[in-house]
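Colleague: Could you take me closely through one part of this model, the sheet and what surrounds it? I would like a connected account, strand by strand.

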Amino acid sequence: MRLENINITLQGFAREDDARRIAHCVSDVVFSISERIDLERLEAITITYDYEKTLLEMDCGYETSTQLSPTKDSSGVGVAMAKQILKDDMVKVHMVFDAPYLEPLDNEDHEFFHETISLIAHECGHVEELKIFDSKFPNILLKPYQGSEYSYLLDVMLPSWQEYAACRISSPFCVDETLKIQSNLLVSSLQNSLKESRDAIKRYRIHGDINLVWKECGSPLFAPIRYASYLFGYIDGLNKSIEDDQEVHFAILNNDFYREILLQLHLELQSLWSSRETWDSLDAFSPLKKIADTLYYAGGLHFVRCQDGG
């Protein structure tokens, strides 16, 4: 669905002319992207020079105790976000960008011009993948969890699908450097994740904090899932094969812990994509939950259901 108009907010620009120029560039890019990506659920775009403060003060349209903040992990710091918000009883997307990273749009000869378009396209991909999921399963996103099984799926494995779908949708705008970055992140995570998660379990034996070990162990344990989901989405959208990237292919095949998990993940994400028009229940995502179960168990986190259902 091509956009008719875009609501763009600009914050922290030193000069009004600079703000207008960047707004014009972003509008042109997003309008062009909307010819390939369905942006019906795009509510607004904010471009800010105080990215962290903007996220912290963002009105999401619903009550939440969670404070938005830029992604910060071993891979770097996030500079863009497609935040799901509630507007007029509909889940929509408010895209937020760290303004310095959009400056290359002002010069087509800039070395990062095409990478910047790829960045914007990826966030636009999240607008379409949101519509795909929310159209099939309304009243689930941004709602209180209906039991631990719901929480487990939405927190752990739904992001895998979301990143896969956003990358596959935005793949026509992907550049080689984007693929290289995702490849490097996956290879690095395969080298380090298992040790990091096991170190977290060792620390748990001292501090005994269940919530802390869940975070410190689970985050690195699922890092290869996250990065693989990005990469699988791009290569499938571009009709490539994982074998085309020998370094990644070698890293997966030679990792005894993650090999079968990632190969199965790729198959299940492809299946979800192929069947997305016929989803009739969240059971479609059960294979992803099984992958999470397998990974948690293999990583040393074993869950026992409590009498209260938790």
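Modeller: β2 and β6 are paired in the parallel sense, and six bridges link them; in this predicted model one of those links can be followed at residue level, since the bridge partner of I47 in β6 is F97. I47 also has a counterpart in β1, where L10 stands opposite I47 of β2. Strand β2, residues 42-48, runs parallel to β1, and four bridges join the two.

On its other side β6 meets β5, and here the sense is antiparallel, with eight bridges between the two strands. Within that pairing K92 in β6 is the bridge partner of I85, while M90 in β6 stands opposite K87. The two strands make a hairpin with two residues between them, and D88, in the turn, has a positive phi of about 55 degrees.

Taken together, these pairings give an open sheet of four strands in the order β1-β2-β6-β5, with mixed pairing. The edges are held by β1 (8-11) and β5 (80-87), each of which has a single partner strand, so that one side of each is left without a neighbour in the sheet. From one strand to the next the twist averages 20 degrees. Helix α3, residues 113-136, packs on this sheet and touches β2, β5 and β6 (90-98), its direction making about 170 degrees with that of β6.

An edge position does not by itself say how far a strand is covered, and burial has to be considered separately. For β5, six of the eight residues are buried, so the strand is largely enclosed by the rest of the structure. For β6, eight of the nine residues are buried, and that strand is therefore also largely enclosed by the rest of the structure.

One residue that reaches these strands from outside them is M58, which lies in the loop between α2 (51-56) and β3 (72-73). M58 counts as buried because its relative accessibility is 14%, the cut-off for that class being under 20%. When neighbours within four places in sequence are left aside, the contacts of M58 are L68, K83, I85, H94 and V96. Of these, I85 has already appeared above as the bridge partner of K92. V96 is 38 residues away from M58 along the chain, and the C-alpha atoms of the two are separated by 9.7 Å.

Away from the sheet, the helices can be read in a similar way. Helix α5 (residues 176-207) packs with helix α6 (residues 210-221) at an angle of about 170 degrees, and their axes are 7 Å apart. This angle makes α5 roughly antiparallel to α6. The residues of α5 that take part include L194, A200, I201 and Y204, and among those they meet in α6 are I210, L212, V213 and L221. By class, the residues of this contact divide into ten nonpolar, three polar and three charged.

Helix α5 has a further partner in α8, since the buried residues of α8 pack against α5, α7 (223-237) and α9 (259-274). In α8, which spans residues 246-253, the buried residues are V248, A251 and I252. They cover an arc of only 95 degrees around the axis, which puts them on the same side of α8. The face of α8 turned away from that buried side carries the exposed residues Q246 and F250.

Terms used. Residues numbered from 1 in each chain as written. Predicted model: local features only at pLDDT ≥ 70, side-chain atom pairs only at ≥ 80, totals over all residues. Heavy atoms only, no water. Buried < 20%, exposed > 50% of the residue type's maximum accessible area, 1.4 Å probe, protein only. Contact = heavy atoms within 4.5 Å. Axes fitted to C-alpha atoms, helices over the stretch in contact; angles between N-to-C directions. Parallel < 35°, antiparallel > 145°, perpendicular 65-115°, else oblique. Nonpolar A, V, L, I, M, F, W, Y, C, P; charged D, E, K, R; others polar. Pairing = 2+ DSSP bridges. Arc of directions from axis to C-beta.
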